[in-house]
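Student: I would like to go through the labels given to some side chains and ask what each one rests on.
Tutor: Go ahead, one label at a time.

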Amino acid sequence: MAKSLTSHRPALAVGLKLGALFLFTAMAALVKALSDTFPPGEMVFFRSLFAIPVIIGWLLWRGELAQGLITRKPMGHVWRGVLGTSAMGLTFTGLALLPLPEVTAIGYATPIFTLILAAVILGERIRMIRIGAVGLGLLGVLIMIWPRLGGNNMESTATLGALCVLVATMARGFVQIHIRQLVQVDHPAAVAFYFSVTATLLSALTAFWGWTAPTLEQTLILALVGLTGGVAQILVTTSYKFAQASMLAPYDYTTMLFAVVIGYVWFDELPTLVMLGGAALVIAGNVVVILRERQLGLERAKARSVTDPKG
């Protein structure tokens, strides 16, 4: 059994989380840069395939490879793979059709949809504070996508891109709910490993609809997409060993800064005021949920200390 490395080291946790978020944004930029040449399904394949050796190496280093290969719910991992692969493919499609900051901003709605689905599927109670946060977040989403759906002479490709990213965001909400159920019976290492394997196999099926044969240089870039995503996943997972999720959650929104800088430097893209306003509302809704969860966590900890003074 590998020795636990868990300790409270907030500075390290924040550094790991920020590093992961930057790599995720850089990976999205690489996908966007390749989107004119390769179809989304092919990029999902390389993203998943080259993440596998990274995950295996990580599991070996942690002594968790055996746990990562054991599963009590194999079909659960298949469905998680279907949902996750669909979300990734739709996001990659959106990256080809929309500016990077806009795709990033719409993606912030994932926690809002997760909260709604948790109430519908898991029966979790949502009180007025979180209902208000959900309403605020959904209003922000509507503001962001409205220019793409309204009659403002926007290109049909941008409308398709906005719809793809929105559906991908909803699918990621389903994924989060599904993962909550999977980790009750399987080790998180198994969830990470089998998703990469399932996503690789499922995305390979899209070859029947036509793939583009990459050059050696393009193959290396596609491999970099997978390696970057794999390393980012490890960094974000490791960050939660050194700080609570509620403390690290607000740093997720630094991806907007990364996306704006990379989008401007690489793709000459600038976010609109409407998009930034909608994103601010979505972020505000998420922050309310984070603060509420932190408050509830403190109340539960206080209740436990009263019930069990020795704990």
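**Rings, charges and burial**

Tutor: In this predicted model, Arg80 lies over the face of Phe195, at 3.9 Å from the ring centre.

Student: What makes Arg80 count as lying over the ring of Phe195?
Tutor: The distance cut-off is 6 Å from CZ of Arg to the ring centre, and Arg80 is at 3.9 Å. Lys32 is listed too, with its charged end over the ring of Phe267 and 5.5 Å from the centre.

Student: How many aromatic pairs does a search of the whole structure find?
Tutor: The search gives 7.

Student: Why is the pair of Phe22 and Phe258 called edge-to-face?
Tutor: Planes over 60 degrees apart earn that name; those of Phe22 and Phe258 stand at 85°, with ring centres 5.5 Å apart, so the pair is edge-to-face. Phe22 belongs to helix H1 and Phe258 to helix H13, so the contact ties together parts 236 residues apart in sequence.

Student: Why is Phe22 called partly exposed?
Tutor: Its relative accessible area is 40%, and the class runs between 20% and 50%.

Student: What makes the pair of Phe45 and Trp211 tilted?
Tutor: The angle between the planes is 50°, which is neither under 30 nor over 60 degrees. Phe45, Phe46, Phe50 and Trp211 form one aromatic cluster.

Student: Is Phe45 buried or exposed?
Tutor: Buried: the value for Phe45 is 16%, and the limit is under 20%. Trp211, at 30%, counts as partly exposed.

Student: How do you know that Tyr253 is buried?
Tutor: Its relative accessibility is 15%, again under 20%. Among the residues Tyr253 touches are Tyr108 and Ile283.

How values were computed
Residues numbered from 1 in each chain as written. Predicted model: local features only at pLDDT ≥ 70, side-chain atom pairs only at ≥ 80, totals over all residues. Heavy atoms only, no water. Buried < 20%, exposed > 50% of the residue type's maximum accessible area, 1.4 Å probe, protein only. Contact = heavy atoms within 4.5 Å. Phe/Tyr/Trp six-rings, centres within 6.5 Å; stacked < 30°, edge-to-face > 60°. Helix = DSSP H or I, 4+ residues; strand = E, 2+ residues; numbered from the N terminus. Lys NZ or Arg CZ within 6 Å of the ring centre and 35° of its normal. Lists of a residue's contacts leave out its neighbours within four places in sequence.
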